Amino acid sequence: MLLITRLTNRVDTLEHSCLLSEESPGKIKNGYEAFAAAYEHNNTEPDSTTAMEGNSSLWKNLIDEHPVCTIWKQEAEGAIYHLASILFVVGFMGGSGFFGLLYVFSLLGLGFLCSAVWAWVDVCAADMFSWNFILFVICFIRFVHIAYQVHSITFAREFQLLYSSLFQPLGTSLPDFRTIAMSSEVVTLEKEHCYAMQGKTSIDKLSLLVSGRIRVTVDGEFLHYIFPFQFLDSPEWDSLKPTEEGTFQVTLTAETDCRYVSWRRKKLYLLLAQHRYISRLFSVLIGSDIADKLYALNDRVYIGKRYHYDIRLPNFLQMSRIFKMNYTESSPLAEATAIGFTPELERILPVPSNETTCENWREIHHLVFHVANIFFAIGLVIPTTLHLHMILLRGLLAVGCALYVVWATLYRCALDIMIWNSVFLGINILHLSYLLYKKRPVKIEKELKSIYRRLFEPLRVSPDLFRRLTGQFCMIQTLKKGESYAVEELTSVDDRLSILLKGKMKVSYRGHFLHNIYPCAFIDSPEFRSTQMHKGEKFQVTIIADDNCRFLCWSRERLTYFLESEPFLYEIFRYLIGKDITNKLYSLNDPTLNDKKIKKLDHQLSLCTQLSMLEMRNSIVSSSEDEEGLHQFLRGTSSVSSLHVPSPHQRASPRMKPIEEGVEDDDDVFEPAPPNTFKVRQWP
């Protein structure tokens, strides 16, 4: 401004002098030319006024130079744009998870690439081309990153079979399964070679058969087979405390060439102590596997009308030579389809060059267009590790599509662009609504919270699914002290399945006490597991309320139909019932095992010091002439189980330090360990 003032004064002085001297106008002209040259020379240096004018011009191009549409354009957009829109529609329909995100980013990336070509060839818009190319690069980078993550979780064939057949139906994620697999090894066992020898092989690992068949014998007499996706040594594992060592009481021999996955005992204990979900998962898997092995023995014995004995009654062990043996060798080998974890990147073909190129680029588009692309870019770069990343992704994509609709309607005047983006907006709003619906808070009744936290929440059953399970075809019933839930030989097993909510029940056989049932335990899981509906079978035990009780009761028929429509919940129920049966068998050996008052007074005895699951399994080969053995067993159960009798097959470990154990309560399955404290929970 100072320079302009000085030049203006100079011009005024020049004019005044020329008038006074009455010189020719040529001098004045020369003076003006000199002024113009000086001004142009000094104006070449930028100043704040020029910058302000530039910003004003940019803002004017973004806002003021785009009048609002009054009529739609007559011509439609090119074929490349509509191809890109089709790719966007298909891509926006993708789901979540690793493979869902691969699907979404691959198709969206191709759509943005086609849009970039369309902007370069047809629209001649530099800003539109730049945005679409940037979004294509983001999608490509995300696709490669997620594909690398999936590729890094690739497993050997044995682990793929194991995951697809056992862990995937239970909803175990690939990262969790990778943690489990990294702690194990795959071992080959040749035909007629022994995995364990009776009284010689130490119990130092846990193994799960993947292929082949293994024969279990005791003293040379056959017990049962182990088939693929069953544990080899679950009874041995569950019968020892972490600080104890023992030897096998059975012999396991490979009948064919076998492959199995094996976890070292100490390493697996460390893994279970660090991961709550994996610990609970192994608990139900091992408990259910033990129940399956005992049922394999029980299925060989029939009573009248070809009914099986209740597995809680030990007299089926002594009467195996009296009743008809009906064992049909079967091999439930199932060919599981391996999951291919190695993705293949789609080959993106280069777009053929077009002879016509843009000679003149159009002006930049309205600010709404750029804001919409900013929302797209932010949504696409949200990391998958963020808990709500899918909700944020769908929300930002929906906002971007809405802004595109505004831009196409008001400033682009393109009906087809408006229609396509309205479709994109509708798809993303549907996905967003579904995700928000799944995240909604679900209220669980107060009486059912303990069951959910104890049984279902550790296995990642959602509150919504649990509410569906308990809200439609079940009811809470009351039983007063002394009333019977079931009477042996009278009550049908077809009617119901129940979980005890409050109180305590007593189970007896012919007046002889067997065990107690405490809250958060199934009341009639053995009957549900071993009997069929509409066969006229009756309870073989009597169940009486020892206190005022409340229990959750399902109609067995309706529950069966519901579980058939929910494969995930069906698997969860199957393993929970198997685990509950195993707990009842342990309670049969020690009636005070589940009594919390007794647990607080005295530390829990090792299961190997009682009539353990190993001895229950092996006793199938024992014989008795009458039922006096059963009565003697029932009379001696309580006293024998309370004594600490050393087992010849069990000793304290000199290498493994004692690990403090805790007991799962009704409200909190795993208590958080304090700093520098290492705890392992023994399964009940």
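In this predicted model, residues 417-437 are 100% helix and 0% strand, with end C-alpha atoms 30 Å apart. This span is one of those that the unreviewed UniProt entry annotates as "transmembrane region", along with residues 128-148, 367-384 and 391-411. For residues 367-384, the end C-alpha atoms also lie 30 Å apart, and here the chain is 78% helix and 0% strand.

A look at the annotated span 128-148 leads to helix H6, which runs over residues 126-151 and contains Phe 133. With a relative accessible area of 39%, Phe 133 counts as partly exposed, because this value falls between the 20% limit for buried and the 50% limit for exposed residues. Phe 133 has Cys 114 at a C-alpha to C-alpha distance of 9.2 Å, although 19 residues separate the two in sequence.

Aromatic contacts come next. The model contains 31 aromatic pairs. One of them joins Tyr 404 and Trp 407, whose ring centres are 5.7 Å apart and whose planes meet at 90 degrees, an edge-to-face arrangement. Both residues belong to helix H14 (residues 389-412), and because they are three residues apart there, about one helical turn separates them. Tyr 404 and Trp 407 are both buried. The two are also members of an aromatic cluster that includes Phe 88, Phe 92, Phe 112, Phe 369, Phe 376, Trp 420 and Phe 424.

Rings also take part in contacts with arginine side chains. Arg 460 sits over the face of Tyr 277, 3.7 Å from the ring centre. A second example is Arg 213, which is placed over the face of Tyr 225 at 4.3 Å from the ring centre.

Turning to internal space, four cavities of 30 Å³ or more are found in the structure. The largest has a volume of about 190 Å³. Its lining comprises 18 residues, and those closest to the cavity centre are Phe 88, Ser 115, Asn 132, Tyr 404 and Asn 421. Two of these names are familiar from the aromatic cluster, to which Phe 88 and Tyr 404 both belong.

Several helices share in building this lining: H4 (79-92), H5 (97-123), H6, H13 (367-380), H14 and H15 (415-438) each contribute at least two residues. Helix H4 provides the largest share, with four residues. In composition, the lining of the largest cavity has 13 nonpolar and five polar residues, and no charged ones. Ser 115, Asn 132 and Asn 421, listed among the residues closest to the centre, count as polar.

Note on methods:
Residues numbered from 1 in each chain as written. Predicted model: local features only at pLDDT ≥ 70, side-chain atom pairs only at ≥ 80, totals over all residues. Heavy atoms only, no water. UniProt positions renumbered as here; feature names shortened; annotations may be inferred. Buried < 20%, exposed > 50% of the residue type's maximum accessible area, 1.4 Å probe, protein only. Phe/Tyr/Trp six-rings, centres within 6.5 Å; stacked < 30°, edge-to-face > 60°. Lys NZ or Arg CZ within 6 Å of the ring centre and 35° of its normal. 1 Å grid on protein atoms, 1.4 Å probe; cavity = no way out; pocket = protein on both sides within 12 Å on 5 of 7 lines; lining within 4 Å. Points joined across faces, edges and corners; volume = space filled by probe spheres on them.
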